[in-house]
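Student: I'm new to this one. Can we go through what the words mean and how each label is earned?

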Amino acid sequence: MRIALVAGEASGDRLGAGLVAELRRRFPDAEFAGIGGPLMRAEGFQAWHDCEELAVMGLAEVLRHLPRLLLLRRRVGNRLRAWRPDVFIGIDAPDFNLGLEKRLRRAGLRTVHYVSPSVWAWREDRVAKIGRSADLVLCLFPMEPPIYERHGVRATFVGHPLADEFALVPDTTGARRRLALPQGGPVLALLPGSRLGEIRRLLPIFLEAAKRLTLRLPGLVVVIPAANAACAAAIDAQLAQSPLANVVRFDGRAHECLVAADVVLLASGTAALEAMLAKRPMVVAYRLSNWSYRLVVTLGLMKVSRYSLPNVLANEPVVPELMQDDCTPENLVDALAHWLQDPEACETLQPRFTAIHERLRRGASSRAADAIADLLAGRRFDQPSDAT
């Protein structure tokens with residue numbers, strides 16, 4: 001058995017590692033190869049390229065890296081066609097993976113796309129393209145399979161692996177002890193993203209907001225987890241230019257930092273879901289490059305009024321979203337101070353977040369591996385009765 005996977009950036013590496021481990025339980029003698037990161041390699045995956053080579057965000061950034069990415073996709077596609085895996089699994093990175101999946105499917109290979117693009121948010125017409133690329137789409141959220149069903153594309157809800165990793169009841173005391181943080185006093189976690197472009201755009205604003213918040217709360221401790229060594233270097237470079245005191249930068253350990261925090265300031269994306277699973281009050285902020293933002297607005301690509309996953313999954317605005325021109329230190333400080341000064345508002349989040357956590361907690365890696373095994377065996381992977 002040969003199983004090929006291509007994962008984009010750190011979040012894809014994490015999903016891929018769990019999937020490889022579960023597939024190996026079902027196919028002990030299988031070979032795994034493609035594009036992945038350190039977590040996948042630790043599971044015995046042979047990485048032809050590192051997943052960070054795909055970590056590009058924003059329309060302008062993608063265009064700048066497009067020649068390199070197209071060359072990489074062509075080379076990987078040629079190698080995969082020669083290797084002839086029994087199944088190819090593209091993990092997220094739709095701009096890279098869907099074209100690769102389409103080419104491999106035309107060559108007679110089975111293809112799976114793991115992590116649906118946000119078709120609920122913008123460009124539902126992409127579903128038809130995805131259906132031409134993938135034999136099966138593995139969805140992390142329950143609202144996604146019905147969208148694919150409308151277009152006749154095979155998709156199944158497997159749950160979200162992060163929901164399996166987080167405890168339903170967070171242990172803040174234990175997290176602070178493991179991180180050597182004070183048990184008393186407020187803790188603010190900053191997560192400016194896992195891409196260098198995000199860190200360059202967002203961290204200076206986040207640090208300025210943290211500095212102003214410290215003036216209101218002199219005992220405030222700030223923690224910043226770095227996704228990888230490159231992110232750590234970028235964060236350290238900005239911290240060296242910041243007068244902010246009482247800040248601790250960690251290598252990894254994002255989950256512990258979230259659980260240890262009283263409030264979180266983060267870039268929109270998977271981190272917002274992680275903060276929700278940690279049951280933390282949060283402020284979601286983001287800025288695209290000016291060129292990318294103008295293009296998105298001009299073309300009317302965004303079709304939703306809610307951007308962050310906690311608000312989308314709750315189907316109501318439960319956490320503040322400060323995007324583009326609203327993402328200023330002044331606005332961020334006011335939003336963070338609200339959570340720190342209103343314990344009752346924080347308490348109202350807990351049952352909402354717990355209910356969403358329970359919906360997503362399905363043993364995702366195991367269910368995804370079952371679906372892939374059934375595809376290989378020619379069986380239909382049935383949805384649980386309460387999937388939608």
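Tutor: Sure, starting with salt bridges: a salt bridge is a side-chain nitrogen of Lys or Arg within 4 Å of a carboxyl oxygen of Asp or Glu. By this rule the count here is 18 salt bridges. Keep in mind that this is a predicted model, where local features need pLDDT of at least 70, side-chain atom pairs count only at pLDDT 80 or more, and totals for chains, interfaces and linings use all residues. Residues are numbered from 1 along each chain as its sequence is written, and side-chain values use heavy atoms, with hydrogens and water left out.

Student: Why is the pair Arg 25 and Glu 22 called a salt bridge?

Tutor: The closest N and O atoms of Arg 25 and Glu 22 are 3.3 Å apart, and the rule asks for within 4 Å, so the pair qualifies. In general, side chains of opposite charge can pair when their charged atoms come close.

Student: What separates Arg 25 and Glu 22 along helix H1?

Tutor: About one helical turn, because they sit three residues apart in helix H1, residues 9-26. Helices here are DSSP runs of H or I with at least four residues, strands are E runs of at least two, and both are numbered from the N terminus. As a general point, an α-helix has 3.6 residues a turn, so residues three or four places apart point the same way.

Student: Which of the two is buried and which is exposed, Arg 25 or Glu 22?

Tutor: Buried means under 20% relative accessible area, exposed means over 50%, and partly exposed is in between (1.4 Å probe, protein chains only). Arg 25 has 63%, so Arg 25 is exposed. Glu 22 has 15%, so Glu 22 is buried.

Student: What makes Arg 105 and Asp 135 a salt bridge?

Tutor: Their closest N and O atoms are 2.9 Å apart, which passes the cut-off. This pair links distant parts of the chain, 30 residues apart: Arg 105 is in helix H4 (residues 94-106), while Asp 135 is in the loop between helix H5 (126-133) and strand E6 (136-139). Arg 105 has a relative accessible area of 30%, so it is partly exposed. Asp 135, with 22%, is partly exposed too.

Student: How do you know that Arg 216 and Asp 334 tie together parts that are apart in sequence?

Tutor: Their side chains meet in a salt bridge at 3.1 Å, N to O. Arg 216 lies in helix H9 and Asp 334 in helix H15 (residues 329-341), so the pair ties together parts that are 118 residues apart in sequence. Arg 216 is partly exposed at 43%, and Asp 334 is partly exposed at 45%. There's also a network: salt bridges that share partners join Glu 22, Arg 25, Arg 26 and Asp 370.

Student: Why are the buried residues of helix H10 said to be on the same side?

Tutor: In H10 (residues 229-239), the buried ones are Cys 231, Ala 232, Ala 234, Ile 235, Gln 238 and Leu 239. They cover an arc of only 165° around the axis, so they're on the same side of H10. That arc is taken from the directions from the helix axis to the C-beta atoms.

Student: What do those buried residues pack against?

Tutor: Helix H9 (196-216), strand E9 (221-226) and strand E10 (247-251). A contact means heavy atoms within 4.5 Å.

Student: How do you know that the size of the protein agrees with a compact globule?

Tutor: The radius of gyration is taken over C-alpha atoms, and the globule rule is 2.2 Å times the number of residues to the power 0.38. With 388 residues, the rule gives a value near 21 Å; the protein has 21 Å, so the two agree. The C-alpha trace spans about 60 × 45 × 40 Å along its principal axes, and 53% of the 388 residues count as buried. The protein has 17 helices and 13 strands.

Student: What is unusual about the phi of Arg 84?

Tutor: Most residues other than glycine have a negative phi. Arg 84 isn't a glycine, yet has a positive phi of about 55°. Arg 84 sits in the loop between H3 and strand E4 (87-91), and at 42% counts as partly exposed. Ala 93, also not a glycine, has a positive phi of about 40°. Ala 93 lies in the loop between E4 and H4, and with 17% Ala 93 is buried.
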